[in-house]
Amino acid sequence: AHISATVASVLERTPMDIVDQILFIDDGNAAEWQFHSELQALHPKIHVHRNELRQGLIRSKVIGADLVTSPVIFFMEPHCLVSLQWAEPLLERLQRSEPQHNAVVMPILDVIPENDFAGYRAAGRFIGGFSWSLSFGWVATIEKR
């Protein structure tokens with residue numbers, strides 16, 4: 001159920017002329033969790049790669065990154081929803097980093113309960129980010145500290 005909301009938000013809120021490909025990785029899922037034809041029927045830019053043996057989250061993302069030829073890759077989880085114009089500011093910031101290619105960008109992350117998409121609420125006055133050890137955490141904005 002979560003992935004259908006994620007896919008719907010990406011397809012409805014992303015201009016497809018800026019998208020080369022949407023790649024899903026089937027990480028050795030059992031037959032009842034394989035939705036290849038359903039996903040591919042949603043849009044011609046949707047592709048599915050199947051790992052015959054389960055590789056795990058990180059290795060699957062590395063495999064996916066190796067399969068695409070786009071200069072920019074976004075990774076999403078099945079419980080993500082995108083807002084209007086989510087991609088354009090990220091792409092603009094990446095473009096400004098050329099020719100050094102020295103930027104990693106991350107959108108604002110709102111709080112979406114995994115067991116209840118209807119319980120969505122805006123993130124408020126917090127900033128989500130990574131420490132030098134790549135641990136994710138929420139930090140209050142300067143005004144709140």
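**Exercise 1.** Determine which residues of α4 are buried and which are exposed.

*Solution.* The structure is a predicted model, in which local features need pLDDT of at least 70, side-chain atom pairs count only at pLDDT 80 or more, and totals for chains, interfaces and linings use all residues. Residues are numbered from 1 along each chain as its sequence is written, and side-chain values use heavy atoms, with hydrogens and water left out.

Step 1. Helices are DSSP runs (H or I, at least four residues), as strands are (E, at least two), numbered from the N terminus. Buried means under 20% relative accessible area, exposed over 50%, and partly exposed in between (1.4 Å probe, protein chains only).

Step 2. A87, L90 and L94 are the buried residues in α4. They lie on the same side of α4 because they cover an arc of only 70 degrees around the axis; the arc is that of the directions from the helix axis to the C-beta atoms.

Step 3. An α-helix has 3.6 residues a turn, so residues three or four places apart point the same way.

Step 4. Q95 and R96, on the other side of α4, are exposed.

**Exercise 2.** Describe the surroundings of T14 in the loop between α1 and β1.

*Solution.* Step 1. With a relative accessible area of 8%, T14 is buried.

Step 2. Beyond its neighbours within four places in sequence, T14 is in contact (heavy atoms within 4.5 Å) with S9, V19, V82 and W86.

Step 3. The side chains of T14 and W86 make a polar contact (2.7 Å). Such a contact is a pair of N or O atoms within 3.5 Å; within protein, one must be able to donate a hydrogen and the other to accept it, and residues adjacent in sequence count only if both atoms are side-chain atoms.
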